[in-house]
Structure formats: structure tokens, C-alpha cells
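Welcome to a short guided tour of a protein model. Take a look at the sequence and the 3D view, and then we can walk through some of the details together.

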Amino acid sequence: MFENLTAQPADKILQLMQMFREDPRDNKIDLGVGVYKNADGQTPVMRAVKTAERKLWELEDTKSYTGLTGDTGFHDAMRALILGDAVGAENVAAAATPGGTGAIRQGLELIKMANPEATVWLSAPTWPNHPSIVKYLGIPMAEYRYFDAETRAVDWDGMVADLEAAKAGDVVLLHGCCHNPTGANLNEAQWQAVAELLLRKGLIPFVDIAYQGFGDGLDADAYGVRHLASTQPEMLVAASCSKNFGVYRERAGLLMAVAQDSKKTPLDQATLAFLNRQNFSFPPDHGTRLVTLVLNDAELRADWQSELEDVRLGMLGLRQSLASALQARTGSDRFGFLADHRGMFSRLGATPEQVLRMREDHGIYMVGDSRMNIAGLNEASIPILADAIVAVDV
Ligand code: LMR
């Protein structure tokens, strides 16, 4: 049997992570995988999460199974964090999943089960694991234009034109905020226009929100997902706690099925439980308990929000510094988009050859499409990156 296996395409982000680890150079710079790093290059456990871990150690008196969809306290706390009061609790079915990727996978499984004819529309570009999972599940897939390679902003006209070609019942995967890999995001007016388009054409949004709090703030980053929740008859939301709570390896994620008709919620909930059972039975619990403790304790929550805000402002500062360093070196504003982008990533717009030269000649690791993890920078590495960008002639 095993002789029939064929090599699968390597994940470009994880492959780069490995290459970075194996590079012996001391002065190498990692702008690859989307993991937050502070100025010392560390990914610390957040203060409130550390305190919650101590509390949980004291409080937890069993490791017996939870429900198939995880702890309802986690659902409630996350629903409020993401959706605010855009919809009522009775409109939302929810399931904890192994990270945001697990939520994407379970959401796609639900789509396949509910409507095998539905095409899933992905932004071009998008997080490479999106098309990989869609393809693996054999779900029809299409792309809508999203990024203008010239301006490095959203290709709004292209996006609208492409989505106009979708058929009723199709699903549109949208990044809730901090678009991965580009860093270019919809503004509020564009979210409203997208909502109108989806409603008019009978398309169903599937929002992937993995970086809430990394862009313009916790509430501002949820504008789009909340607006859709309050205007669309149905939607799916996949959320990750990996980044904003820094619990990457705990695999804490949430899938929500939102329906304006609350009579649909019990069946949605039962379906999410069934899908969890088929794929892994019970979702990981530890990370979700930590997140719930943090969100439900006023003091811990305030501390978490303040640390998250420092992280966000730190990345904004790095964006400004890099844009200024490039402005000073090139005498032009053509890299100003770096300060306009939001979240952990920006797509620089370098060619694959330029990306390769930056890696080989300068020890700077970015994903092949020139996605940079801004959090991988610090004030010392910004001039080095700016020099390299100029040297390879981006
Ligand atoms: C990324 O885009 O780098 C992160 O979401 C990590 C991953 O799993 O790819």
C-alpha cells in the first residue's frame, strides 16, 4: 500500500521555516511564518495567558471529555469578542476546532455536505492553505481578483467584477481583517458594498478572522464580520486564537454558523458536533479554557487587551520606520503602502528572483510571493532590510 503514496506539494510557509532554522548565518532575518515576535525575536506567552494557566492549574479538577463542540463558555466569550451584538446567541451555532485551520476545514466540510454544487471563491492571492484544503476536499473552487500589484492596494473593481460572476449559493471566503498575504484590507464602505453584492446575488460569506486586534484594534478589525452577520441570512466564521492570544501550539479555534433564522441553529449545532466527531471527536481544550478565563475576568482581559494593543502599535511603528527608511533611500513614496497596510503581513511586490537574492545574498527570509512578516523586524534590522530591498532593485 505505502508504495502507492506520492509526494505531496510542500507547504511553502512551513518549508521556509525549516530553511531558516537550517541557515547557519548569525545575521539572518526571519520574515516568514506568521508568528508574532517581539523586538528580541521572542514569541512570549502573553502575561494574561500565563496567569490564566496558573488559575486553570488550580481550578481544573478533571481531564475528562468536554462536549463534542468544546466548552460553551468558550463559544460565548468568542462570539461576543468577534460578533459583538451584531446577532443574538440564538443565531449562532459554534464549535471549538483545532486552531483556525481546523475551523476552515470543518467549515468547508459543512459546505460540501450542505451544497456540493457550491463553488468556493478565494481571494487572489490568499493564504496558501486555503486552496490546498479546498482542493483536497474536492470542492469546486474559483478566484476573485483582490490585490493590485501596481498600487499594492485592494483591486476593488476586479474583486467586484469577479464576484458578479458567482452563482447563487456559492461561498465567498473573505479575510475578516489583516489580509494574509497582502496586508491590503477592505474599508468600511467596501465591506458595506460587499454585503450588498452578496445579498443581491445570494452568495454566502465564509469569513476567516485569524488576526483580530493586529490591524486597527479589536472592534475596528471586526467591522466587516459584524456587518455581514447583521445583514446576511447565513454565514460561516472561522476564528483563530493562535495570534491574538499567542497560543499557537494549543490549537484553539472556533467555527461559527450564523443564521438570521434562529430555527436553523439547532441543526447547525448538531452538524458541527457530527463533523467534529467524524474528524477528531473532541477538540483540544486547554487553549480554549485559557482564552475563556482571560476574556471573562475583567482584570485579565484588560491586561490582555493592553498587551495586544502594544503588539499592534509596535507593528505599526515598524511599518512606519520601514516606509521611511525606503523613502530616504529611494527618494520616492513608492513604498508608502507599507505604512498603509495592516496586520502582520505586507506583500512587498518583489519578483521570485529578488526574493531569492534577498535570502541568498542578505539572509532575509520572506515567502516566495514576497510576503513579509512585519513582526519579524526590529529597529536594528529595518535598515538592513531597506538596504537589501534597494540592492536587489525592487
Ligand atoms: C502563516 O500564514 O504564516 C500562518 O498562518 C501560519 C501557517 O500556518 O501558515
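Which residue has its charged end over the ring of phenylalanine 20? Lysine 28 does: its charged end is placed 4.4 Å from the centre of that ring. Please keep in mind as you read on that this is a predicted model.

## Rings that meet

Let's stay with phenylalanine 20 for a moment. In the whole structure, a search turns up 6 aromatic pairs. One of them joins phenylalanine 20 with tyrosine 365 in an edge-to-face arrangement, with 5.2 Å from centre to centre and 90° between the planes. This pair links distant parts of the chain: phenylalanine 20 belongs to helix H1 (residues 12–22), tyrosine 365 belongs to strand E10 (residues 364–365), and 345 residues separate the two. Phenylalanine 20 and tyrosine 365 are both buried.

Now for another group of rings. Tyr211, Phe214 and Phe345 are linked into a cluster by ring pairs. A charge is found here as well: the charged end of arginine 371 sits over the ring of phenylalanine 345, 3.7 Å from the ring centre.

## Around the ligand

Arginine 371 brings us to the ligand. Which residues surround the ligand? They are Ile13, Val33, Gly34, Trp127, Asn180, Tyr211, Lys243 and Arg371. Tyr211 is thus a neighbour of the ligand and also a member of the ring cluster. Sorted by character, the shell around the ligand has 4 nonpolar, 2 polar and 2 charged residues.

Oxygen atoms of the ligand take part in several contacts. A polar backbone atom of glycine 34 is 2.7 Å from a ligand oxygen. For arginine 371, an N or O atom of the side chain is 2.8 Å from an oxygen atom of the ligand. For tryptophan 127, a polar side-chain atom is 3.0 Å from an oxygen atom of the ligand. On its own, the ligand has 260 Å² of accessible area, and the protein covers 81% of that.

## Unusual turns of the backbone

Here is a useful rule of thumb before we look at the backbone: most peptide bonds are trans, and most residues other than glycine have a negative phi. Which peptide bond leading to proline 125 is cis? It is the one from alanine 124, and its omega is near 5°. Proline 125 is placed in the loop between strand E3 (120–124) and helix H5 (129–136). Another cis bond runs from asparagine 180 to proline 181, with omega near 25°. You have already met Asn180, as it is among the residues that surround the ligand. Proline 181 lies in the loop between strand E5 (171–175) and helix H7 (188–201).

The loop between E5 and H7 also holds cysteine 178. The phi of cysteine 178 is positive, near 50°, although this residue is not a glycine. Is cysteine 178 buried or exposed? Cysteine 178 counts as buried because its relative accessibility is 2%, and the cut-off for buried is under 20%. Serine 281, again not a glycine, has a positive phi of about 65°. Its place is the loop between helix H10 (265–279) and helix H11 (286–296). Serine 281 is buried too, with a relative accessible area of 17%.

## Buried charges and an exposed alanine

Where is aspartate 71? Look in the loop between helix H2 (47–59) and helix H3 (72–83). With a relative accessible area of 18%, aspartate 71 is buried. The side chain of aspartate 71 reaches the backbone nitrogen of glycine 73 at 3.2 Å. Arginine 347, in strand E9 (residues 345–347), is buried as well, and its relative accessible area is 18%. Its side chain makes a polar contact with the side chain of aspartate 369, at 3.1 Å.

For contrast, let's finish with alanine 189, which lies in helix H7. Alanine 189 counts as exposed because its relative accessibility is 52%, and the cut-off for exposed is over 50%. Between the C-alpha atoms of alanine 189 and alanine 391 there are 39 Å, and along the chain these residues are 202 residues apart.

How values were computed. Residues numbered from 1 in each chain as written. Predicted model: local features only at pLDDT ≥ 70, side-chain atom pairs only at ≥ 80, totals over all residues. Heavy atoms only, no water. Near = heavy atom within 4 Å. Polar contact = N/O pair within 3.5 Å; in protein donor to acceptor, adjacent residues only side chain to side chain. Areas by Shrake-Rupley, 256 points an atom, 1.4 Å probe, with all protein chains shown as cover. Nonpolar A, V, L, I, M, F, W, Y, C, P; charged D, E, K, R; others polar. Phe/Tyr/Trp six-rings, centres within 6.5 Å; stacked < 30°, edge-to-face > 60°. Helix = DSSP H or I, 4+ residues; strand = E, 2+ residues; numbered from the N terminus. Buried < 20%, exposed > 50% of the residue type's maximum accessible area, 1.4 Å probe, protein only. Lys NZ or Arg CZ within 6 Å of the ring centre and 35° of its normal.
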